[in-house]
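Here is a short report for a reader meeting this structure for the first time. It follows one strand and its partners, then turns to the nonpolar cores.

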Amino acid sequence: MTPGGPRGLRAQLEEAGRSRVSRPGQGFPEGAEPGCGRPARKWRLRLPHALSSSPRQSAMCEAVLLDLLHGCCRPAGPGGSVLPEEAAANPASAPQLFLLRGKHRGEDASLTRAPPGSCGREPHELTGGSTAECLFRFKRSLDDLDLTSVRVLTSPRGRAVLRAYQRLLFTAAYTFDYRLTTEHCLTCPSLAGPAHPDSPGAGVHEEEEGGEEEEEDVSSFLQQLPAVRGEMTTLQSPLIPDCFGHGFSTRTGGVSYLPTLSSLNLFCSSRRRDPGAVVLENRRRLAVHAGFHPRPLLMVKVDHGRDVWVVGKAEPPSYDAVVTNQTGLVLAAPGADCMPILFADPGSKVIGAAHAGYKGTLMGVAMATVEAMVREFGCQVSDIVVAVGPSVGACCFTLEKNQALLFQSIHPDCVPDPESTRPHVNIRLANRVLLQNGGVRPENIHDDSVTERPCVTPCTSCHPEAFFSHVRDGPNFGTQVGFLWIREPGGPSDRKPQVETPETDHM
């Protein structure tokens, strides 16, 4: 460790021009938002209501969604325009128009032509499937067009329903401005006659209530989607015995479609475009593949420090490692260049998972995890085995010189080119040295220095076909995880997952 312990290290990091380690969202690498966070503890999704609507009052919307499904209303402004008034002054910048019709209800030519005030643009039809399918296609169209600002013209009932879908299928990277059309609305001829159950004013409920029907619709739709980028594969370490289930995910086999998040992204961020329901479906597919379904992932709540949560004690607001001796829990540590590290004591049946970026490495999160296993459960350090998952190698990871040289106090070889203005840093070696200095046997550590076993620590930046990487992909990066659980005698079938073994990195 560096002189002065963790507190002294914090001061050194701050002096080196870095943000505070304890501040969420800052850590590895510079400018990165953490590829990790607190997931839903249950498979049912509960995202913050704050995502429901945050209109850009001063900017013209980029897309207009005309909700013909819940009341089939069109505002009766000047000329019956469905687009913002500012679009008339500049037709070339008119928003894209989308008509939400859902399942086919009969032909209505007046709604398939460009409506008045649409500046002659043909509208995009959202029809022929469930509401979830139509809105998923709507989101894909927005992403293809690189649009994020949406105005929604709907009824009160439609607003409540669409906000429920919005919380499932969008993130706060998108803004929605809901405009109600309860007055002077035009009704679809196909709905003439008795009031439709979804017409304005019918069945209106508070927006915070309900959502179960929408969740089921979205979940059912996502489950039937084909996997993107091929079949799911995971990496496994032969060091971890069969009394445990474990693995390191790759990027294939999920349903995320955005290029840098495709396809098995396992973390939802308000700043990225992969929504909670899609991430939840990716996690479900991983659970089925790896054999721990229906148990959810218990993901560490990253702070880029060294705090360890012992399951059963009060859960802290943030921590970078978790340990337990309980069955029925699947511990998980995220990474997108940071290291997901798994710990297991076969004799005591104790497990741990840690997230180690460069800050957590310097602060000793790996040994803090080992110490918690020893202190809380009586494990012997010499019995603990450690597997280091996919992470950025010294081939691709650099830091500012004054930051990089902090690793020389761990071992000179951690910085192969100290004279460079921006030296390369081997954070994997740093963790091995710290673990060995703490009493973990060298042969009980599986990382990229081990050549006689299948590789579980490939460089994430060097393998774009298999892994996510912030260093390579920038701020809109995806996240993979390392996961570990204690098998239960007579419990759910723990089917062996398909294992992928990438080529060993050339450092």
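## Strand β11 and the cores

In this predicted model, Met-299 has Ala-332 of β11 as its bridge partner. Met-299 belongs to a strand pair: β8 (residues 297–299) and β11 run parallel, joined by three bridges. On β11, Ala-332 also has a bridge partner in β16, namely Phe-483. Here the strands run antiparallel, and six bridges join β11 to β16 (residues 480–486).

The two pairings of β11 are set out below.

| Partner of β11 | Bridges | Direction | Bridge partner of Ala-332 |
|---|---|---|---|
| β8 (residues 297–299) | three bridges | parallel | Met-299 |
| β16 (residues 480–486) | six bridges | antiparallel | Phe-483 |

How covered is β11 itself? Strand β11 spans residues 330–335, and six of its six residues are buried. Val-330, Ala-332 and Pro-334 point one way. Leu-331, Ala-333 and Gly-335 point the other way. Both sets are buried.

Now the cores. The largest nonpolar core has 39 residues. Those with the most contacts inside this core are Ile-341, Phe-343, Val-386, Phe-407, Ile-410, Ile-427 and Leu-435. Strands and helices both supply it: β10 (321–324), β12 (339–345), β13 (350–356), β14 (385–388), α8 (358–363), α9 (365–377) and α11 (427–437) each give two or more residues. Helix α9 gives the most, with six residues.

Another core lies apart from this one. That core has 34 residues, including Ala-132, Tyr-165, Phe-170 and Val-278.

Notes: Residues are numbered from 1 along each chain as its sequence is written. This is a predicted model: local features need pLDDT of at least 70, side-chain atom pairs count only at pLDDT 80 or more; totals for chains, interfaces and linings use all residues. Side-chain values use heavy atoms; hydrogens and water are left out. Buried means under 20% relative accessible area, exposed over 50%, partly exposed in between (1.4 Å probe, protein chains only). Helices (H or I, at least four residues) and strands (E, at least two) are DSSP runs, numbered from the N terminus. Two strands pair if DSSP finds at least two bridges between them. A nonpolar core is a set of buried Ala, Val, Leu, Ile, Met, Phe, Trp, Tyr and Cys residues joined through side-chain atoms within 4.5 Å.
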